[in-house]
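Please work through the exercises below with the structure open beside you, and try each task before you read its solution.

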Amino acid sequence: MKKGNLILAALCILLGIGVIAVSSTYPTAESYGTGVPGPGLWPMAIAIVLLACSAMLLYNTWRMKPEKNTDIDLFGPGPKRAYISMAILVVYVLLLEPLGFIIATTILEFIFIRWFSKKSYVVSFVIAAAVTAVVYGIFQFVLNVPVGSFGLIRL
């Protein structure tokens, strides 16, 4: 477990630094002249939280007592579900450009709602469409980040 924690923390630190480096190149509020936060605000904030969590994981792992250092089951039912979820997210990222944010995100949310909560098809679709509309509205109108300018539906 110790080795796995250290590898995971290192990967998360690299990811956090990479996200900060990329998001720092995005336009800022001053670029828009509207006072609206730029598109780099949330990726940067999430990356900082990721770095803080990685630091806590490193600290707790180094302080871990030997009896707490147990083996990790990488191929049990729980991890397999996580691997499938990650594969679905990779497919989502690949489909995001050709399908567009609205269609790809609605499909992703529909799949996850059906899989994790077992709601009916209609309820799952309504929730997925509503959440997508809210997220679209927040990015488009509050954060001033255009998300509907690519894919099948161009808004």
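The exercises that follow concern two helices and a pocket in a predicted model.

**Exercise 1.** Work out what span helix H3 should have, and compare that span with the distance between its end C-alpha atoms.

*Solution.* Begin with the extent of the helix, which covers residues 41-62 and so has 22 residues. The expected span is 1.5 Å times one less than the number of residues, and for H3 this gives 32 Å. The end C-alpha atoms are 32 Å apart, which agrees with the expected span.

**Exercise 2.** Which residues of H3 are buried, and against which helix do they pack?

*Solution.* Taking buried to mean under 20% relative accessible area, you should find Ala-47, Ser-54, Leu-58 and Thr-61. When you look down the axis of H3, these buried residues fall within an arc of 70°, so they line one face of the helix. The helix they pack against is H1, residues 2-23.

**Exercise 3.** Find the residues that line the largest pocket, and sort them into nonpolar, polar and charged.

*Solution.* The lining consists of Trp-42, Pro-43, Ile-46, Leu-96, Phe-101, Phe-139 and Val-147, and sorting these residues gives 7 nonpolar, no polar and no charged. H3 gives the most to this lining, with 3 residues, while the volume of the pocket is about 330 Å³.

**Exercise 4.** Name helices that cover the buried residues of H5, and describe the residue that follows H5.

*Solution.* The buried residues of H5, among them Phe-101, Leu-108 and Trp-115, have a cover that includes helix H4 (77-99) and helix H6 (121-142). H5 is followed by Lys-118, whose phi is positive, near 60°.

How values were computed. Residues are numbered from 1 along each chain as its sequence is written. This is a predicted model: local features need pLDDT of at least 70, side-chain atom pairs count only at pLDDT 80 or more; totals for chains, interfaces and linings use all residues. Side-chain values use heavy atoms; hydrogens and water are left out. Buried means under 20% relative accessible area, exposed over 50%, partly exposed in between (1.4 Å probe, protein chains only). Helices (H or I, at least four residues) and strands (E, at least two) are DSSP runs, numbered from the N terminus. Contact means heavy atoms within 4.5 Å. The arc is that of the directions from the helix axis to the C-beta atoms. On a 1 Å grid over the protein atoms alone, a cavity is a set of points where a 1.4 Å probe fits but cannot get out, and a pocket is an open set with protein on both sides within 12 Å along at least five of seven lines; lining residues have an atom within 4 Å of a point. Grid points are joined across faces, edges and corners, and a volume is the space filled by probe spheres set on the points. Ala, Val, Leu, Ile, Met, Phe, Trp, Tyr, Cys and Pro count as nonpolar, Asp, Glu, Lys and Arg as charged, and the others, Gly among them, as polar.
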